[in-house]
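Q: Please give a close account of the salt bridges in this model, with attention to the residues that take part and to their surroundings. A formal description with explicit cut-offs would be preferred.

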Amino acid sequence: MSGSVLYDAPGPRAKRLDRTLNLVFSLAFVAIGAWILWSWYQRGIFDDRWAILWDPPKGQTAGDVWLSLARGLGNTLKAAALAAPVALILGGAIAIVRRGSARRVLSGSSAVVTELARGLPVLLLMFLAKLVFGWDVLWSVVFGLVVYNAAVVAEILRAGLAALPKGQREAGLSIGLSTMRTTLLIELPQAVRIMLPALVSQLVVLLKDTSLGFIVAYPELLRTIKLNRDYFGVDYTLPLFLVGATIYILINMAVSRLATYIERRLREGGGGRGLTPPEIGPTGPIPQSGIGGPAREEGAHAGDPLFGAGRPASSQPIPQRRPGEQ
């Protein structure tokens with residue numbers, strides 16, 4: 001019998017086809033990569049321009065280059081670290097009000113705010129904070145990231161709440177909870193759990209959108225790379241921008257790995273782990289002769305919280321009469 005109800009286990013022919021396709025596509029990717037490297041070699045990409053990473057010109061040291069990149073990375077992470085929790089909290093609050101509020105004014109207002117914030121470009125929001133409000137470049141970047149991503153997070157959570165079975169909401173209302181408490185206590189934890197991959201993807205987008213800060217003169221990683229390129233020359237564009245791309249990829253991979261770990265912990269955690277159930281069975285309060293028979297004396301000694309509570313250890317079982325006995 002196959003291990004899945006959706007499809008049968010692959011046979012020898014399917015396995016050979018799978019190995020052949022894997023080999024063909026692997027060779028194709030290797031060939032494309034080799035062609036790209038060969039074209040770069042013909043254009044003189046692999047010349048002394050890469051020395052900027054260990055022996056830069058104009059009297060600078062490798063430490064100066066990497067230290068500037070580290071400062072840019074620190075500013076990128078600072079903006080993301082300030083914007084991400086605020087966007088998650090604000091987006092969650094908007095989704096809760098839109099779903100759980102019994103007043104049409106509040107739910108309708110949250111829907112309007114979400115649509116407006118989601119429809120505005122992030123860069124426009126940054127310019128709004130900088131030119132209209134007169135804020136610092138850091139807080140201008142954080143403002144743009146928070147407003148836009150909070151709206152997207154609210155939509156993600158709203159989709160997760162709408163995907164839950166109606167019985168979840170009806171169960172909360174049937175035990176006397178209000179609509180707001182039902183949304184907050186019953187529906188929201190489940191929605192966060194099922195929409196966690198989408199939330200992580202949005203956090204990755206938030207991290208990458210910090211690169212828009214270079215337009216408002218925020219010294220993040222991309223602007224730092226551009227300043228280094230302008231100082232050392234156009235010939236050093238490719239090495240610097242490849243280093244920046246590698247840093248962005250590594251950070252996003254780390255965020256994705258962290259999200260995978262959190263999702264696995266949420267899936268495996270709980271369920272009464274670490275709790276010892278009351279002992280029943282051979283030494284528990286099971287009657288010797290079935291239902292209605294005398295209980296074992298060791299059942300009282302076991303201290304069972306359900307059957308043995310309040311019963312002294314020296315208690316004797318109640319005598320039972322067999323059918324036909326007087």
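A: **Salt bridges and their setting**

The structure holds nine salt bridges, the term denoting a side-chain nitrogen of Lys or Arg within 4 Å of a carboxyl oxygen of Asp or Glu. The model is a predicted one, in which local features need pLDDT of at least 70 and side-chain atom pairs count only at pLDDT 80 or more, while totals for chains, interfaces and linings use all residues. Residues are numbered from 1 along each chain as its sequence is written, and side-chain values use heavy atoms, with hydrogens and water left out.

In one of these pairs, R98 bridges to E155, with 2.8 Å between the closest N and O atoms. Because R98 belongs to helix α2 and E155 to helix α5, this pair ties together parts that are 57 residues apart in sequence. Helices here are DSSP runs of H or I with at least four residues, strands are runs of E with at least two, and both are numbered from the N terminus.

The two partners differ in exposure class: R98 is partly exposed because its relative accessibility is 25%, whereas E155 counts as buried because its value is 11%. Buried means under 20% relative accessible area, exposed means over 50%, and partly exposed lies in between, computed with a 1.4 Å probe and protein chains only. E155 also forms a salt bridge with R118, where the closest N and O atoms are 3.5 Å apart. That second pair likewise links distant parts of the chain, since E155 sits in helix α5 and R118 in helix α3 (residues 104-119), 37 residues apart. R118 has a relative accessible area of 35% and is therefore partly exposed.

These residues belong to a wider arrangement: R98, E115, R118, E155 and R158 are linked in a network of salt bridges. In general terms, side chains of opposite charge can pair when their charged atoms come close. The side chain of E155 makes polar contacts with the side chains of R98, at 2.8 Å, and of R158, at 3.1 Å. A polar contact is a pair of N or O atoms within 3.5 Å; within protein, one must be able to donate a hydrogen and the other to accept it, and residues adjacent in sequence count only if both atoms are side-chain atoms. With residues up to four places away in sequence set aside, E155 touches R98, T114, E115 and R118, a contact being heavy atoms within 4.5 Å.

Helix α5 also carries A151, which is buried because its relative accessible area is 2%. Beyond its neighbours within four places in sequence, A151 is in contact with T114, A117 and R118. R118 is thus a contact of A151 as well as a salt-bridge partner of E155. The C-alpha atoms of A151 and S110 lie 9.6 Å apart, although 41 residues separate the two in sequence.

A further salt bridge joins D230 and R229, with the closest N and O atoms 3.0 Å apart. D230 counts as partly exposed because its relative accessible area is 42%.

The nonpolar interior provides the context for helix α5. The largest nonpolar core has 33 residues, of which V141, L145, L206 and Y218 touch the most other members. Two or more of its residues come from each of α2 (62-100), α4 (122-132), α5 (137-163), α8 (196-209), α9 (221-232) and α10 (237-268). Apart from this core lies another, of nine residues, including A95, V153, L157 and M195. A nonpolar core is a set of buried Ala, Val, Leu, Ile, Met, Phe, Trp, Tyr and Cys residues joined through side-chain atoms within 4.5 Å. V141 touches A79, M126, G213, V216 and Y218, with residues up to four places away in sequence not counted.

For the chain as a whole, the secondary structure comes to 11 helices and zero strands. Buried residues account for 31% of its 326 residues. Among contacts between residues at least 6 apart in sequence, 66% join residues at least 24 apart. The accessible surface is about 20,800 Å², and 65% of it belongs to carbon and sulfur atoms; the areas come from the Shrake-Rupley method with a 1.4 Å probe, and for residues only the protein chains shown count as cover.
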